[in-house]
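New to this one? Here's a quick briefing to read alongside the sequence and the 3D view.

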Amino acid sequence: MGIDMATRLGGTQIPSPVLTASGCAAAGRELDPFLDLTALGAVVTKSVQLRARSGRPTPRMAETPSGMLNSIGLQGPGIEAFLSDDLPWLASRGARAMVSIAGGAVEEYAELATRLRGARGMIALEVNISCPNVESRGEVFACDPAAASAVLAAVRGADPGVPIYAKLSPDVTDIASVARACADGGADGISAINTLLGLVIDTETLRPVLSAVTGGLSGPAIRPVALRCVWQIHRALPETPILGMGGITNGAEALQFVVAGASAVSVGTAVFGDPSAPERIGRELAELLVRKGFARLSDAIGFAHRSAELTDAAGT
Ligand code: RRO
């Protein structure tokens with residue numbers, strides 16, 4: 001329809017600003033029957049660790065008003081199987097992969113980045129330093145700027161050869177300072193946000209629904225929080241690209257993230273109800289941008305910040 005929807009993940013150009021969100025479609029196979037994976041900006045894969053992991057005991061998902069709570073606990077095949085099976089499958093489909101990595105120690109992130117160096121089909125790394133379901137809940141790297149920076153510096157030092165995004169948690173007092181620490185450590189971009197730590201109690205059993213007690217809240221319930229985080233990060237670091245996510249279900253909601261400062265968006269929880277959602281949202285976003293008179297997606301990034309009447313005080 002004549003609008004240029006191309007954008008960049010760090011230095012890498014992608015044809016669409018809509019990506020999947022890590023953890024909501026494993027390594028993309030589940031979505032393949034429902035949409036054209038190659039039409040997405042990228043498939044963001046479930047966070048992979050050095051070793052295979054079965055995750056937390058069930059129940060590990062619960063419905064919430066306008067959202068869901070999960071405590072999957074980093075279930076996954078481990079980096080070896082990921083490299084021999086998942087990533088080659090995505091590459092054989094012609095899909096671009098943004099590979100999410102997670103670890104329990106700085107050195108594990110560095111080793112993962114080293115193992116992934118030069119992997120076919122990988123166009124970016126998302127460094128997940130914000131999983132709320134780690135065994136030691138108090139030790140989320142993204143809740144401490146120095147720890148976050150150390151992980152990003154280690155990944156940068158491993159030189160994976162692709163843009164590196166740091167995935168942040170909203171469960172902090174000042175997300176902009178964590179984003180700045182990640183950029184200083186070597187992140188090319190910021191993914192915002194991971195889930196918020198939440199709790200649901202069953203009023204029959206009077207016990208937490210999730211076996212892990214707490215879990216990560218996602219879906220439309222968290223969208224205003226996510227949007228506020230993108231806004232604050234863009235204001236603090238206007239040159240740093242942001243992959244925005246949190247409860248996006250349609251093009252208008254994606255547009256909110258773009259004008260708040262995101263150069264691309266991830267769609268996660270929405271795919272459970274509508275597996276073709278990322279493709280539909282890309283179409284709807286393009287239509288809306290045309291209706292608003294934009295010739296290029298890139299002209300809309302951060303547009304809401306340019307309004308003359310916004311003062312610095314109002315913008316933070
Ligand atoms: O696997 C999980 O339980 C999980 C991860 Br790694 C994450 O980053 N965010 C989330 O809500 N769940």
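What follows is a short tour of the ligand, the spaces in the protein and a few backbone oddities.

Keep in mind that this is a predicted model. The ligand takes up the space of the largest pocket, and the protein buries 92% of the 310 Å² that the ligand would expose on its own. There's also one cavity of 30 Å³ or more in the structure, plus two cis peptide bonds worth finding, one from Thr-58 to Pro-59 and one from Ala-192 to Ile-193.

**Around the ligand**

- Which residues surround the ligand? Going along the chain, you'll meet Lys-46, then Asn-70, Ser-71, Ile-72, Gly-73 and Leu-74, then Asn-128, Cys-131, Pro-132 and Asn-133, and finally Asn-194 and Thr-195.
- Sorted by class, that shell has seven polar residues, four nonpolar ones and one charged one.
- Lys-46 reaches an oxygen atom of the ligand with a polar side-chain atom, at 2.6 Å.
- Thr-195 also uses a polar side-chain atom, which sits 2.7 Å from an oxygen atom of the ligand.
- Gly-73 takes part through its backbone: a polar atom there is 2.7 Å from a ligand oxygen.

**The largest pocket**

- How much space lies in the largest pocket? It comes to about 820 Å³.
- The pocket is lined by 46 residues, and the closest to its centre are Ala-21, Ser-22, Gly-23, Cys-24 and Lys-46.
- Lys-46 therefore turns up twice, since one of its heavy atoms lies within 4 Å of the ligand and the residue is also among those closest to the pocket's centre.
- Strand β6 (67-70) and helices α1 (79-92) and α7 (270-273) each give at least two residues to the lining.
- By class, the lining holds 22 nonpolar, 19 polar and five charged residues.

**The largest cavity**

- The largest cavity has about 30 Å³ of space.
- Its walls come from Ser-47, Val-48, Gln-49, Arg-51, Ala-52 and Arg-53, along with Leu-74, Gln-75, Gly-76, Pro-77 and Gly-78.
- Those lining residues split into five polar, four nonpolar and two charged.
- Leu-74 is worth a second look: it lines this cavity and is one of the residues surrounding the ligand.

**Backbone oddities**

- As background, most peptide bonds are trans, and most residues other than glycine have a negative phi.
- The bond from Thr-58 to Pro-59 is cis, with omega near -5 degrees, and you'll find Pro-59 in the loop between β4 (43-44) and β5 (61-64).
- A cis bond also links Ala-192 to Ile-193, with omega near 15 degrees.
- Ile-193 belongs to the loop between β10 (189-192) and β11 (196-199).
- Where is Asp-159 found? Look in the loop between α3 (145-158) and β9 (164-168).
- Asp-159 isn't a glycine, yet its phi is positive, at about 55 degrees.

Terms used: Residues numbered from 1 in each chain as written. Predicted model: local features only at pLDDT ≥ 70, side-chain atom pairs only at ≥ 80, totals over all residues. Heavy atoms only, no water. Polar contact = N/O pair within 3.5 Å; in protein donor to acceptor, adjacent residues only side chain to side chain. Areas by Shrake-Rupley, 256 points an atom, 1.4 Å probe, with all protein chains shown as cover. 1 Å grid on protein atoms, 1.4 Å probe; cavity = no way out; pocket = protein on both sides within 12 Å on 5 of 7 lines; lining within 4 Å. Sits in = over half its atoms within 2 Å of the grid points. Nonpolar A, V, L, I, M, F, W, Y, C, P; charged D, E, K, R; others polar. Points joined across faces, edges and corners; volume = space filled by probe spheres on them. Helix = DSSP H or I, 4+ residues; strand = E, 2+ residues; numbered from the N terminus.
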